[in-house]
Amino acid sequence: MDEVYKAKRAEARFKTPRVDGICLELYVTHWTKIKADLTHLLNVLFLNNHITTKQKEGILICLPKNQGSHSPPRLLPSHLPTDHKIQTAGTNYVPKTQAHTCRTASNRSILWSSGRSILDALATVRDVIVYHESTRTPLCLLSLDLSEAFDRVSHEYLFKVLPRYGSSNWFVERLQAMYDNLLASVQINGTLVGSIAIQSGIRQGCSLSMCLYALFLPPLVRYLEETLPGLQIERRHLKTTALAYADDVKIFVTDPSNVPTIRHAIHRNELATGARLNPQKSRALQTAGWTHPATTLTILFKDRIEILRVNFGPTIAHSRSDSWAKLVRAVFAQARKSHAREHFVWNNAYNT
């Protein structure tokens with residue numbers, strides 16, 4: 001019951017209810033009356049491995065890719081039953097054996113390895129650039145973007161990977177039951193149209209999704225670590241080859257001969273997992289005198305790239321200048337808005 005209570009509190013409030021009209025506020029308001037029945041229900045569903053299709057059915061919402069865009073909209077499964085959300089939140093589990101040298105994080109800035117924070121990922125990129133700048137050894141920083149990463153997750157691959165982390169077959173079967181025979185209805189102009197089968201992807205709005213993706217991605221990073229030479233910064237004991245944050249993968253290339261290995265690794269990963277590299281959104285950064293031409297991955301070189309909302313350039317001086325300038329502009333803009341609003345309020349009070 002404590003786990004159900006914590007899961008209930010972790011869910012966001014004031015969200016649009018599903019077609020059944022039940023939202024989280026119902027569970028919050030009447031918790032003392034329904035807590036025993038709700039806990040019993042969730043246990044029956046989970047332990048008996050029996051979740052009805054209707055309880056897992058989502059609603060696909062058509063949203064434009066960009067404001068004012070006339071291109072076909074994206075379909076986003078943004079509505080899930082509230083009781084299903086509570087159940088998946090209570091099942092959010094990361095095996096201890098997942099602690100691995102790759103730095104894999106969620107979009108909530110929680111690193112899924114050894115308790116590291118998001119700052120460790122930024123510090124790693126900074127230290128690598130500093131090291132190559134000071135030693136004058138060429139470096140190419142590849143920032144890979146996986147197209148529709150969360151929608152392309154292969155269920156078959158995912159549930160074959162989970163036991164390798166030490167999860168029991170019993171536990172994997174119950175996670176798999178949450179993804180078997182998934183359906184979703186498409187909402188068009190306020191009307192639900194039919195039901196379609198969801199055969200791949202992890203579900204948006206589900207607290208379990210980021211945990212599953214954090215277990216889905218490391219095999220690619222581990223393969224890169226095993227096949228690339230990487231580098232070892234003096235004060236670090238681990239070889240630095242790649243790091244991953246959600247669906248963004250960063251690779252440190254120290255020699256042009258590494259590129260075919262990277263291309264092979266990406267191709268193997270695409271065949272196994274259903275993932276697809278998006279060259280248009282991927283970036284490459286030349287630092288410390290890297291002069292090799294554009295990679296065979298068809299990724300364009302840029303003067304600077306953005307990693308976790310921080311700009312990195314070919315030198316630390318460029319990185320520091322770009323990042324602080326962006327932050328200072330944002331602070332000044334907010335200060336001007338606050339000053340104008342405060343001035344308006346005081347003038348109105350004075351005139352009254």
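The expected span of a helix is 1.5 Å times one less than its number of residues. That rule can be tried on helix 3 of this predicted model. The 17 residues of helix 3 should span 24 Å, and its end C-alpha atoms are 22 Å apart, which agrees.

## Helix 3 up close

Helix 3 is not straight throughout: a kink of about 25 degrees is centred on Asp37. Which residues of helix 3 are buried? They are Trp31, Leu38, Thr39, Leu42, Leu45 and Phe46. After the helix comes Asn49. The phi of Asn49 is positive, near 60 degrees.

## The whole chain

Now step back. The protein chain has 12 helices and 12 strands. Of its 352 residues, 43% are buried. Take the contacts between residues at least 6 apart in sequence: 67% of them join residues at least 24 apart.

How confident is the prediction? The mean pLDDT of the chain is 77, and 78% of the residues score at least 70. Confidence is highest in helix 11 (residues 259–273), with a mean of 92. Confidence is lowest in strand 3 (residues 104–105), with a mean of 38. Over residues 93–114 the pLDDT is below 50. That stretch still has 65 contacts in the model beyond near neighbours in sequence. Where pLDDT is low, the predicted coordinates should not be read in detail.

## Aromatic pairs

How many aromatic pairs does the structure hold? The count is 6. Two of the pairs are set out here.

| Pair | Geometry | Centre to centre | Angle between planes |
|---|---|---|---|
| Phe46 and Trp170 | edge-to-face | 5.9 Å | 85 degrees |
| Tyr157 and Phe216 | edge-to-face | 5.3 Å | 85 degrees |

Phe46 and Trp170 link distant parts of the chain. Phe46 sits in helix 3 (residues 31–47), Trp170 in helix 8 (residues 169–177), and their positions lie 124 residues apart in the count along the chain. Are the two partners buried or exposed? Phe46 counts as buried because its relative accessibility is 15%, and the cut-off for buried is under 20%. Trp170, at 40%, counts as partly exposed.

Tyr157 belongs to helix 7 (residues 155–161) and Phe216 to helix 9 (residues 209–216), so their pair ties together parts 59 residues apart in sequence. Both Tyr157 and Phe216 are buried. These two also belong to one aromatic cluster, together with Phe150 and Tyr213.

Helix 7 also holds His155. With a relative accessible area of 12%, His155 is buried. Which residues does His155 contact, leaving aside its neighbours within four places in sequence? They are Tyr179, Leu182, Ile198, Gln199, Ser200 and Gly201.

## Nonpolar cores

In soluble globular proteins, nonpolar side chains tend to be buried together. Here, the largest nonpolar core has 46 residues. Those with the most contacts inside it are Leu142, Leu144, Leu212, Tyr213, Leu224, Ile251 and Ile262. Tyr213 is thus named twice: in this core and in the aromatic cluster.

Leu144 shows what such a residue touches. Setting aside its neighbours within four places in sequence, Leu144 is in contact with Asp247, Asp248, Val249, Ile251, Ile266, Leu277, Ser282 and Ile299. Apart from the largest core lies another core, of 15 residues. Its members include Ala121, Val125, Leu141 and Ile307.

## Two more residues to find

Look for Pro314 in the loop between strand 12 (310–312) and helix 12 (316–351). Pro314 is partly exposed, with a relative accessible area of 27%. Ile129 is 185 residues away along the chain, but the C-alpha atoms of Pro314 and Ile129 are separated by 7.6 Å. The two are also in contact. Leaving aside neighbours within four places in sequence, the other contacts of Pro314 are Leu285, Gln286, Thr287, Ala288 and Asp303.

Then find Glu25 in helix 2 (residues 24–29). Beyond its neighbours within four places in sequence, Glu25 is in contact with Arg13 and Phe14. Ala12 is 13 residues from Glu25 along the chain, and their C-alpha atoms are separated by 9.8 Å.

Notes
Residues are numbered from 1 along each chain as its sequence is written. This is a predicted model: local features need pLDDT of at least 70, side-chain atom pairs count only at pLDDT 80 or more; totals for chains, interfaces and linings use all residues. Side-chain values use heavy atoms; hydrogens and water are left out. Rings of Phe, Tyr and Trp (its six-membered ring) pair if their centres lie within 6.5 Å; planes under 30 degrees apart count as stacked, over 60 as edge-to-face and the rest as tilted. Helices (H or I, at least four residues) and strands (E, at least two) are DSSP runs, numbered from the N terminus. Buried means under 20% relative accessible area, exposed over 50%, partly exposed in between (1.4 Å probe, protein chains only). Contact means heavy atoms within 4.5 Å. A nonpolar core is a set of buried Ala, Val, Leu, Ile, Met, Phe, Trp, Tyr and Cys residues joined through side-chain atoms within 4.5 Å. pLDDT is the predictor's confidence in each residue, from 0 to 100. The bend at a residue is the angle between axes fitted to the seven residues ending there and the seven starting there.
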